[in-house]
Amino acid sequence: MDSAKLLEWLKVEKKMSARSAKDVLSRCSRVYRILGVDCFDDNTLDILQNSDEFKSSSMFIKSQLKRAVTLCLEFTKNTETE
């Protein structure tokens with residue numbers, strides 16, 4: 001995944017501040033580390049929700065991680081069609 005393009009997409013398409021967009025990138029990196037993967041696919045959320053680290057996280061963190069994966073998947077699908 002091209003982090004610079006994702007960052008720009010989040011700011012332009014999702015109207016996020018630079019800080020919020022960087023937070024999403026950071027959460028994506030955390031999910032990559034938790035799962036030991038280097039890209040997301042349609043099964044990522046299910047796999048994440050079954051991971052021990054995710055299960056032991058607070059509801060707030062779980063929500064943030066799921067949102068980051070959802071945004072990253074949306075970005076990937078949008079950029080594939082261009």
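How far apart are the end C-alpha atoms of α5, and what span should its 22 residues have?

**View 1. Helix α5 from end to end.** Welcome to a predicted model, where local features need pLDDT of at least 70, side-chain atom pairs count only at pLDDT 80 or more, and totals for chains, interfaces and linings use all residues. Residues are numbered from 1 along each chain as its sequence is written, and side-chain values use heavy atoms, leaving out hydrogens and water. Helices are DSSP runs (H or I, at least four residues), numbered from the N terminus. The end C-alpha atoms of α5 lie 32 Å apart, which agrees with the 32 Å expected for 22 residues at 1.5 Å a residue (the expected span is 1.5 Å times one less than the number of residues).

**View 2. K62, a buried lysine in α5.** K62 sits in helix α5 (residues 59–80). K62 is buried (under 20% relative accessible area, 1.4 Å probe, protein chains only) yet has no salt bridge (a side-chain nitrogen of Lys or Arg within 4 Å of a carboxyl oxygen of Asp or Glu). The nearest side chain of opposite charge, D52, is 11 Å away; Lys and Arg count as positive, Asp and Glu as negative, with His and the chain ends not counted. Beyond neighbours within four places in sequence, K62 is in contact (heavy atoms within 4.5 Å) with F54, K55 and S57.

**View 3. The two sides of α1.** In helix α1 (residues 3–12), the buried residues are L6, L7, W9 and L10. They fall within an arc of 165° seen down the axis, so they line one face of the helix (the arc is that of the directions from the helix axis to the C-beta atoms). On the other side, A4 and K5 are exposed (over 50%).

Definitions and conventions
Helices (H or I, at least four residues) and strands (E, at least two) are DSSP runs, numbered from the N terminus.
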